[in-house]
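Reader: Please take a close look at the ligand site. I would like one connected account of what surrounds the ligand and where it sits.

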Amino acid sequence: MAYDDNNVFAKILRGDIPAKKVYEDDFALAFHDIGAKAPVHVLVIPKGKYVSIADFGATASEKEIAGFYRAVSKVANDLGLVKEGFRSIANTGINGGQEVPHFHVHLLGGKKIGPMVSD
Ligand code: AMP
């Protein structure tokens, strides 16, 4: 699947639309999910143009991959999610229910998160 420059996270990265940012570095941007499903619900996205976790792991450079996952850990730590625990989710494609075609990791916490999968 080709990367769509008009997806909403591409617009956030360009600054075309606002986001409630919690962290940013050379490799990643983290911001609050607009439709929060938990007391803490943050999205972490790579700065590069990657459609999904599969695309990212297969085609991003080692520097980008390391930088991105360091940022995921930093955000989880900085938001105080690590002690009590949290859930990280990367929905992918149609069966995964991915709505925005720019790779993102959801971090959900602040309460006990419900069943991992429900129909
Ligand atoms: P997914 O289904 O994994 O692609 O998740 C996309 C997520 O992006 C959803 O949880 C949406 O609530 C969230 N979302 C969509 N538009 C925005 C936006 N402008 N700012 C923040 N989060 C958004």
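Author: First, a term. Helices are DSSP runs of H or I with at least four residues, strands are E runs of at least two, and both are numbered from the N terminus. In those terms, α1 gives three residues to the lining of the largest pocket, the largest share. The model is a predicted one.

Now the pocket itself. About 860 Å³ of space lies in the largest pocket. It is lined by 34 residues. Closest to the pocket centre are Asp-33, Gly-35, Lys-37, His-41 and His-106. Two or more lining residues come from each of α1, β2, β3 (40–46), β4 (86–89) and β5 (105–109). By class, the lining has 17 nonpolar residues, eleven polar ones and six charged ones.

Next, the ligand. The largest pocket is where the ligand sits. Two elements, α1 (8–14) and β2 (28–32), give two or more residues to the shell around the ligand. Of these, α1 supplies three residues, the largest share of the shell. The ligand is surrounded by 16 residues. Asp-33, Asn-91, Glu-99, His-104 and His-106 are the closest. Asp-33 and His-106 thus appear in two lists: they are among the residues closest to the ligand, and among those closest to the pocket centre. The shell has seven nonpolar and seven polar residues, plus two charged ones.

Now the polar contacts. His-104 uses its side chain: a polar atom there lies 2.8 Å from an oxygen atom of the ligand. Val-100 uses its backbone, with an N or O atom 2.9 Å from a ligand oxygen. Gly-97 also uses a backbone N or O atom, 3.1 Å from an oxygen atom of the ligand.

Last, the burial. Taken alone, the ligand exposes 510 Å². The protein buries 86% of that area.

Methods:
Residues numbered from 1 in each chain as written. Predicted model: local features only at pLDDT ≥ 70, side-chain atom pairs only at ≥ 80, totals over all residues. Heavy atoms only, no water. Near = heavy atom within 4 Å. Polar contact = N/O pair within 3.5 Å; in protein donor to acceptor, adjacent residues only side chain to side chain. Areas by Shrake-Rupley, 256 points an atom, 1.4 Å probe, with all protein chains shown as cover. 1 Å grid on protein atoms, 1.4 Å probe; cavity = no way out; pocket = protein on both sides within 12 Å on 5 of 7 lines; lining within 4 Å. Sits in = over half its atoms within 2 Å of the grid points. Nonpolar A, V, L, I, M, F, W, Y, C, P; charged D, E, K, R; others polar. Points joined across faces, edges and corners; volume = space filled by probe spheres on them.
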